[in-house]
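Q: Please take a close look at a single strand and at what surrounds it. A connected account, with the cut-offs stated, would suit me best.

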Amino acid sequence: MEGLDRFNDISEVVEADRAHVWHHLSQHKQYETGVDPRVIVEGKGMKVWDAKGKEHIDAVSGGVWTVNVGYGRESIANAVRDQLIKMNYFAGAAGSVPGSIFAQRLIEKMPGMSRVYYSNSGSEANEKVYKMVRQIAHRHHGGKKWKILYRDRDYHGTTIAALASAGQDQRAMQYGPFPDGFVRVPHCLEYRKQWDVENYGERAADAIEEVILREGPDTVGCLILEPVTAGGGVIVPPKGYWERVQEICKKYDILLAIDEVVCGVGRTGTWFGYQHYGIQPDFVTMAKGVASGYAAISCTVTTERVFDMFKDDPTDPMSYFRDISTFGGCTSGPAAALENMNIIEREGLLENTVKMGDYCLSNLQALMEKHKVIGDVRGKGLFLGAELVADRATKEAADEKKVQAVVADCMAQGVIIGATNRSLPGLNNTLCLSPALIATKDDIDHITGAIDAALTRVFG
Ligand code: PMP
């Protein structure tokens with residue numbers, strides 16, 4: 001392609017990158033002192049190749065649990081290409097063919113949900129929820145019910161309002177002041193118990209009720225939760241948690257928003273993470289895996305009840321949702337998302353995710369027998385974590401530098417894994433796995449084998 005052929009050698013690309021690109025979540029000083037910035041050149045299936053030609057198996061689907069159907073999918077590229085030639089963009093006040101069809105297909109998989117609002121990123125999808133909640137408060141609750149509850153250790157995005165709802169302090173602490181009305185509730189990780197009770201799930205949910213009562217139920221409009229907390233340590237809520245959360249939301253007329261940005265579209269073995277628990281949300285947000293990174297797309301999905309609240313007085317110009325997302329009108333997103341969904345169905349990837357997830361969890365449990373440094377393993381589908389501790393009895397977190405050394409060792413072996421990273425002071429100690437939903441037993445053995453060797457080298 002004209003433009004991309006200006007370099008004779010890939011090393012020139014690396015130099016252009018070093019000179020001009022500001023990488024996400026990266027300390028650039030290291031690139032001035034002998035370390036080369038990482039440039040990923042190619043991907044196929046579960047594998048990627050970097051600028052040095054080194055092959056890696058990617059156990060985190062593009063680094064941040066995104067490329068659910070794997071790399072190099074020609075059918076998605078073709079679907080996007082055909083759509084772009086026919087009609088690439090029109091502002092989202094109008095509909096599009098792929099936008100309409102994808103919305104219909106999506107809603108078929110989400111009983112009780114009804115409407116899809118398109119935008120571009122997980123952060124933005126969550127911001128739409130916050131704006132909808134605030135507008136509902138203004139129009140339907142006389143300005144009350146404007147507060148949004150979020151949970152310790154959860155994450156909902158990088159924009160200022162999304163960071164106001166970050167349960168991961170290091171991500172937010174330098175970016176305040178934040179808007180008012182975001183209130184934290186306790187996390188539900190049973191491994192790090194906050195209450196010594198039998199029915200931990202219900203107790204952790206009751207802690208949300210305590211916050212609601214403290215704030216005043218008539219001030220609280222919405223509770224946002226990840227179905228399985230991702231970057232905060234792969235936290236699978238304990239038994240009884242979700243049922244009680246739903247009860248509490250109903251009791252106090254609080255809208256329940258589920259952030260499926262990571263769990264959505266197959267990651268946990270069901271279309272959506274919340275569907276493991278038989279709950280009925282009012283909002284569901286999704287991004288990453290919706291189109292597996294082949295195009296930028298996010299969705300804020302609502303019930304018809306929520307949607308109806310924006311039609312209460314058609315003659316009032318302030319009654320509808322006063323929001324636009326320019327690139328929410330790009331047709332590449334829903335076109336890619338539609339084919340992404342077709343692939344998951346055609347190739348039975350939900351079933352594979354359940355099977356391979358169980359297999360990977362049992363491999364991690366075997367590693368736990370061998371390595372004392374693993375304090376806990378947990379996960380759902382192909383979304384797994386292994387928490388590393390200095391001491392199993394005290395559960396003191398393993399040294400962050402050593403956790404990073406395990407990640408680096410795996411990378412040197414050609415296996416890309418993740419870790420809770422730069423998010424929770426003192427708790428950056430969980431290794432994270434989220435391979436593509438196409439993973440085979442061999443892939444899983446390869447990944448857990450690399451972790452085994454790395455743990456031995458780093459911790460002995
Ligand atoms: N919600 C969750 C649970 C996430 O993990 C992320 C991103 N890591 C986001 C929201 C924000 O998504 P984005 O980066 O697309 O804005």
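A: What follows concerns strand S11, its hairpin and the domain contact to which it contributes. This is a predicted model, in which local features need pLDDT of at least 70 and side-chain atom pairs count only at pLDDT 80 or more, whereas totals for chains, interfaces and linings use all residues. Residues are numbered from 1 along each chain as its sequence is written.

Strand S11 covers residues 374-379, and because six of its six residues are buried, it is largely enclosed by the rest of the structure (buried means that 20 or more other C-beta atoms, placed from the backbone, lie within 10 Å of a residue's own; strands are DSSP runs of E with at least two residues, and helices are runs of H or I with at least four, both numbered from the N terminus). Strand S12, residues 384-388, runs antiparallel to S11 and is joined to it by five bridges, where pairing requires that DSSP finds at least two bridges between two strands. Within this pair, Asp-376 stands opposite Glu-387 of S12, and among the four residues between the strands of the hairpin, Gly-381 takes a positive phi near 60 degrees.

The domain assignment, which comes from an automatic or database source, gives domain 1 as 38-69 + 348-459 and domain 2 as 75-345. Their contact takes 33 residues from domain 1 and 30 residues from domain 2, with contact meaning C-beta atoms, placed from the backbone, within 7 Å. S11 and S12 are among the elements that give two or more residues to the domain 1 side, although helix H12 gives the most, with five residues.

Key:
Buried ≥ 20, exposed ≤ 12 C-beta atoms within 10 Å, placed from the backbone. Contact = placed C-beta atoms within 7 Å.
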